[in-house]
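New to this one? Take a look at the fold first, and then we'll walk through a few of its features.

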Amino acid sequence: MKWVWGVITAAVSVIVQLLILSLLGFNFFSFSVLFIIPVGGIILGGIATFGYFSKTVRQGLKPNKNNYLISVIFILLSFSGFMYGEYQMAYVSSSNEINYKFEGEHISNFVFGELDKPITLLNYYDYKFNNSSLSIFSRGHVGNAIDIEPNKWVNISKFLIQCVGLLIGGLSAGLLVTSGKTHCSSCNKAYLQEHKLLDVNDEMIEPVLSEINQYIQNNNGEGLTKYITEQKTLCEGGASDTNVKYGFKFGHCPNCQQGYLIKSCYTLDKHGNFEEQEDKKAVIPISQEIVTSVQKAEIAS
C-alpha cells in the first residue's frame with residue numbers, strides 16, 4: 001500500500017509540473033532563487049515522496065535507510081515524467097515557436113537544419129542546453145530582467161542544481177512527516193500509534209497526574225481506564241477554557257507491542273490555537289497488563 005501512495009504522489013508532482021508548463025508556459029522545475037536555491041525542484045521532490053513516507057508513518061513505522069533508498073525510486077519516476085512529459089507536450093506553432101499547449105505539429109516531426117536529424121527526446125534536451133538563455137529579476141522589479149546569453153555549461157550546471165533540489169525535497173519529506181511523532185524507545189524501529197485519552201487544565205494536572213502514576217505503579221490497568229473515563233466528563237469542558245492545557249494519550253508500538261502513556265503540554269498561541277511544547281512532553285512506559293486494559297476500553301467505547 002505504501003508503494004501505491006508513492007506512485008500516486010509521484011504522479012501528482014508530474015501533473016503539477018506539466019500543468020504549470022502548459023497553462024503558464026513556465027517550467028516550475030527550473031525555478032530557482034539566487035540561481036543556486038532550486039525551489040521548484042525541492043517542492044516537486046517533496047510532493048513526489050510525500051505519499052510513501054506519509055503512509056509509512058501512518059502505519060506506525062519509523063522510516064529507515066531502506067525507506068529512504070526506496071523513495072529515490074519515486075523521485076526518479078517524477079524526474080522521468082517531467083522530462084518525457086515536456087518532450088511529448090512540445091509542439092511547434094505556425095510561427096515556428098515552441099509551445100506546450102499542443103498547438104501546431106509535434107516537435108518530433110521537425111529536423112535540425114541541414115543535419116536532417118529528427119528531434120528526439122535526447123537531442124531536444126541537448127538543443128535546450130545549448131540554446132536556452134537565463135533571465136534574472138531584481139527584487140521588486142520583475143519587469144527589468146537581466147538576460148544571460150545561452151551557455152551550455154551554465155545551463156547544465158543549473159539543471160544539475162535542480163536535480164539536487166529534487167533529491168533534497170524528496171528525502172526531506174521523510175523528516176517532515178515524522179515531525180512531532182513519538183518513537184518507541186524500546187525497539188527504536190517504529191513510531192507510536194497514539195490515541196487521545198484525556199485533556200485537563202493546568203489547575204487539575206497535579207492531582208490527575210498523581211492518580212495516574214499511582215495506578216501505573218500498582219499495575220492496575222482496570223482502575224486506570226475507569227479513572228480516565230470518570231475524569232473525561234469532569235475535565236474536558238474546563239480544558240478548553242484556559243491558556244495552558246495538558247493532554248494524556250495512549251501510545252502503542254506496532255513493532256514490539258510496548259505501551260506508553262504520553263503526557264503533553266499545550267499553550268495558546270497568538271492565533272488562539274493550542275501549540276504543543278515539545279520540551280515538556282513526558283513518555284512513560286506502561287506494562288502489558290495496562291496496555292491490554294486500555295485497548296479493551298478503546299474497543300468497548
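## Starting at F82

Let's begin with one residue in this predicted model. Leaving aside residues up to four places away in sequence, F82 touches S13, V14, Q17, L18, F29, L44, Y125 and L166.

## Two nonpolar cores

Now zoom out from that spot. The largest nonpolar core has 22 residues, and F82 is among those that touch the most other members, together with F29, I107 and Y124. Which helices each supply at least two residues of this core? They are α1 (2–24), α3 (65–89), α4 (121–131) and α5 (152–178). The largest share, 5 residues, comes from α3.

There's also a second core, separate from that one, with 20 residues. Its members include L198, L224, L261 and V294. As background, nonpolar side chains tend to be buried together in soluble globular proteins.

## A helix with a bend

Back to α5, one of the helices that feed the largest core. α5 has 27 residues and reaches 40 Å from its first C-alpha to its last, close to the 39 Å expected at 1.5 Å a residue. Follow α5 along and you'll find a bend of about 25 degrees at S172.

## A little sheet of strands

There are strands to look at too: 3 of them form an open sheet, in the order β2-β1-β3, with antiparallel pairing. β2 (98–99) and β3 (105–106) are at the edges with a single partner strand each, so one side of each has no neighbour in the sheet.

β1 (residues 91–92) pairs with β2 in the antiparallel sense over 2 bridges. Where does Y91 find its bridge partner in β2? Look at N99.

Methods
Residues are numbered from 1 along each chain as its sequence is written. This is a predicted model: local features need pLDDT of at least 70, side-chain atom pairs count only at pLDDT 80 or more; totals for chains, interfaces and linings use all residues. Side-chain values use heavy atoms; hydrogens and water are left out. A nonpolar core is a set of buried Ala, Val, Leu, Ile, Met, Phe, Trp, Tyr and Cys residues joined through side-chain atoms within 4.5 Å. Buried means under 20% relative accessible area, exposed over 50%, partly exposed in between (1.4 Å probe, protein chains only). Helices (H or I, at least four residues) and strands (E, at least two) are DSSP runs, numbered from the N terminus. Contact means heavy atoms within 4.5 Å. The expected span of a helix is 1.5 Å times one less than its number of residues. The bend at a residue is the angle between axes fitted to the seven residues ending there and the seven starting there. Two strands pair if DSSP finds at least two bridges between them.
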